[in-house]
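Hi,

Here is the structure I said I'd pass on. Have a look at it first, and my notes on what turned up are underneath.

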Amino acid sequence: MGRLDDKVAVITGGSGEIGLAAARQFVDEGAKVMLVDIDEDALKSAAEDIGENAAYHVADVSDPEETEAYIKATVDQFGGLDILLANAGIEGETGTIAETPIENFDKVISVNVRGVWLSIRYAMPEMQKRGGGSIVISSSVAGVTGTAGLSPYVTSKHAVIGTMRCAALEGAPHNIRCNTINPGPVESRMMDSLETQFAGGDAEAASQVKEGFEQQVPLGRYAYPEEVADLMLFLASDESKYITGTTNLIEGGFTIS
Ligand SMILES: NC(=O)c1ccc[n+]([C@@H]2O[C@H](COP(=O)([O-])OP(=O)(O)OC[C@H]3O[C@@H](n4cnc5c(N)ncnc54)[C@H](O)[C@@H]3O)[C@@H](O)[C@H]2O)c1
């Protein structure tokens with residue numbers, strides 16, 4: 001018996017590294033999964049790779065009509081919705097607050113905050129029809145700590161913790177839970193991008209930036225996407241049925257060092 005038998009999940013950022021790792025695990029545990037992303041080519045190959053229990057829908061998560069459409073497509077295809085993994089996110093550009101172009105701030109907030117809020121807005125009524133559900137939001141250690149030079153991203157990851165708390169309170173009477181996951185650095189394209197940006201584009205300096213981050217992790221290394229997906233699976237499943245309104249660090253001890 002699978003841990004997500006008979007469950008239907010939407011995963012935004014579904015062709016990204018963490019989203020895809022979660023999608024594989026969800027399907028392995030019996031779920032039907034709708035992958036949502038803005039990157040059509042990557043989505044198509046991700047869905048084909050996973051097989052018949054995955055479908056995909058191209059959407060910009062910051063767009064209300066496209067959000068309504070991907071939720072509707074999920075219900076039309078799989079008969080309902082039980083799990084939302086609000087995971088699409090962008091890192092934006094590094095730089096101090098004084099240097100950051102305002103468009104960069106707006107773009108990051110639009111995808112990382114508005115996108116999460118919109119997904120919940122359209123998903124919750126469908127979960128209510130099923131008698132409950134689980135919403136898991138990809139926040140970050142950047143949601144509970146500051147980082148100089150990364151203010152739009154840090155702001156966005158703090159903001160969705162507020163969204164999570166509201167959704168948990170509003171969802172509780174309907175048996176809808178909502179939690180965030182808060183990873184530290186993960187072996188991924190996103191961390192490669194941040195290391196390169198912090199290093200000013202210099203590859204050698206980027207590897208030193210990475211070493212610096214690793215030294216801040218008591219367990220001495222970045223996480224792997226599959227380890228983050230393990231936590232997403234737990235929070236999506238009924239094993240966590242009494243857990244709501246929580247932030248869940250998965251960061252090798254990053255925030256205690
Ligand atoms: N990688 C890390 O170290 C790390 C650490 C903590 C938190 N996170 C968070 O985890 C989530 C997943 O990160 P990842 O490492 O898999 O990154 P990723 O870049 O591999 O995946 C993110 C996905 O979101 C998609 N996306 C971007 N803008 C979109 C939009 N407007 N509409 C729809 N899709 C859009 C991208 O195409 C991409 O496939 C993000 O929210 C990220 O902030 C990542």
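**Helix packing, domains and the ligand shell**

Starting with one helix pair: α3 crosses α4 in a right-handed sense. Before going further, bear in mind that this is a predicted model. The axes of α3 (residues 64–78) and α4 (residues 102–129) come within 9 Å, and the crossing angle is roughly 35°. On the α3 side, the contact is made by Pro64, Thr67, Glu68, Ile71 and Val75, and α4 answers with Leu118, Ser119, Tyr122, Ala123 and Glu126. Sorted by class, the contact of α3 with α4 has six nonpolar, two polar and two charged residues.

Next, the domains. The protein chain is divided into domain 1 (8–184 + 224–251) and domain 2 (185–222). Taken over C-alpha atoms, the centres of domain 1 and domain 2 are 24 Å apart. Each side puts residues into the contact: eleven from domain 1 and eleven from domain 2. On the side of domain 1 that touches domain 2, α1 and α8 each supply at least two residues. By class, that side of domain 1 divides into five nonpolar, three polar and three charged residues.

So where does the ligand lie relative to domain 1 and domain 2? Both domains give residues to the shell around the ligand, so the ligand lies between them. There are 27 residues around the ligand, and Gly13, Gly16, Ile18, Gly89 and Val186 come nearest. Two helices worth clicking on here are α1 and α6 (189–198), since each supplies at least two residues of the shell. If you are thinking about the chemistry of that shell, its residues split by class into eleven nonpolar, eleven polar and five charged.

That brings us to how α1 and α8 pack. The axes of α1 (residues 17–28) and α8 (residues 225–236) come within 8 Å and cross at roughly 55°. α1 and α8 are therefore oblique to each other, and their crossing is right-handed. From α1, the contact is made by Glu17, Ile18, Ala21, Ala22, Gln25 and Phe26, while α8 brings Pro225, Glu226, Val228, Ala229, Met232, Leu233 and Ala236. By class, the contact of α1 with α8 has ten nonpolar, one polar and two charged residues. You'll have spotted Ile18 in this contact, and Ile18 is also one of the residues that come nearest the ligand.

The last pair is α6 and α7. How do α6 and α7 lie to each other, roughly perpendicular or roughly parallel? The axes of α6 and α7 (residues 203–215) are 8 Å apart and the packing angle is about 115°, and the two helices are therefore roughly perpendicular to each other. As for handedness, α6 and α7 make a right-handed crossing. Glu195, Thr196 and Phe198 of α6 make the contact with Ala206, Val209 and Lys210 of α7. By class, the contact of α6 with α7 has three nonpolar, one polar and two charged residues.

If you only have a minute, I'd go to the shell around the ligand, with residues from domain 1 and domain 2, and then to the contact of α1 with α8.

Cheers

How values were computed: Residues are numbered from 1 along each chain as its sequence is written. This is a predicted model: local features need pLDDT of at least 70, side-chain atom pairs count only at pLDDT 80 or more; totals for chains, interfaces and linings use all residues. Axes are lines fitted to C-alpha atoms, for helices over the stretch in contact, and angles run from 0 to 180 degrees between N-to-C directions. Helices (H or I, at least four residues) and strands (E, at least two) are DSSP runs, numbered from the N terminus. Angles under 35 degrees count as roughly parallel, over 145 as roughly antiparallel, 65 to 115 as roughly perpendicular and the rest as oblique. A crossing is left-handed if the near helix is turned anticlockwise from the far one by less than a right angle, and right-handed if clockwise. Two residues are in contact if their C-beta atoms, placed from the backbone, lie within 7 Å. Ala, Val, Leu, Ile, Met, Phe, Trp, Tyr, Cys and Pro count as nonpolar, Asp, Glu, Lys and Arg as charged, and the others, Gly among them, as polar. A residue is near a molecule or strand if its C-beta atom, placed from the backbone, lies within 6 Å of it. Domain bounds come from an automatic or database domain assignment.
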